[in-house]
Amino acid sequence: MDLAQHRREVRDVLVDTRRWPEWGPSIRCLECSDRRIRTGSAGRLWTVGGLELPFEITTCEDRRWSWRVASVSATGHRVERLDRGCRVVFELPVIAAGYAPVCCIALSRIARSVE
């Protein structure tokens, strides 16, 4: 697989809502207005703890998207180009710093799904 195709595949994992439960440790299932997110996509998700929470995609551009969950700014997600591939980055608001270990698990799952 060439590098551009690999980057597209990584980005597709991030924007395809059917794949979120594969890599998102806190997401059990979800419903969304769009399978592939765009700015304004909205829905609800169920956490592994059983909470039902509304969400909305606030930005979705090229290789980056962010969202609000239960009306609170949540993680940003982006794919950065590298000379030999790409890197997925999660942007955490300071208030969500305790969520970093969950994001590490998600990054490992994303890496496995595109290898």
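How many salt bridges does the count come to by this rule? The count comes to eleven, and keep in mind that we're looking at a predicted model here. Let's walk through a few of them.

Start with D16 and R35, whose side chains meet in a salt bridge at 2.9 Å, N to O. D16 sits in the loop between α1 (3–15) and α2 (20–23), while R35 is in the loop between β1 (27–32) and β2, so this pair ties together parts that are 19 residues apart in sequence. The two ends don't share a setting: D16 is buried, at a relative accessible area of 8%, whereas R35 is partly exposed at 42%.

Next up is the pairing of R38 with D34, another side-chain salt bridge, this one at 3.4 Å from N to O. Here again the acid is the buried partner, with D34 at 17% relative accessible area, and R38 counts as partly exposed at 45%.

Now look at E52 and R44, where the closest N and O atoms of the salt bridge are 2.8 Å apart. E52 is partly exposed at 44% relative accessibility, and R44 is also partly exposed, at 33%.

Salt bridges can also join up into something bigger than a pair: R64, R78, E80, R87 and E91 are linked in a network of them.

Finally, swing over to strand β2 (residues 42–47), which is where you'll find T47. Is T47 buried or exposed? T47 counts as buried because its relative accessible area is 13%, under the 20% cut-off. Leaving aside residues up to four places away in sequence, T47 touches S26, R28 and L53.

How values were computed:
Residues numbered from 1 in each chain as written. Predicted model: local features only at pLDDT ≥ 70, side-chain atom pairs only at ≥ 80, totals over all residues. Heavy atoms only, no water. Helix = DSSP H or I, 4+ residues; strand = E, 2+ residues; numbered from the N terminus. Buried < 20%, exposed > 50% of the residue type's maximum accessible area, 1.4 Å probe, protein only. Contact = heavy atoms within 4.5 Å. Salt bridge = Lys/Arg side-chain N within 4 Å of Asp/Glu carboxyl O.
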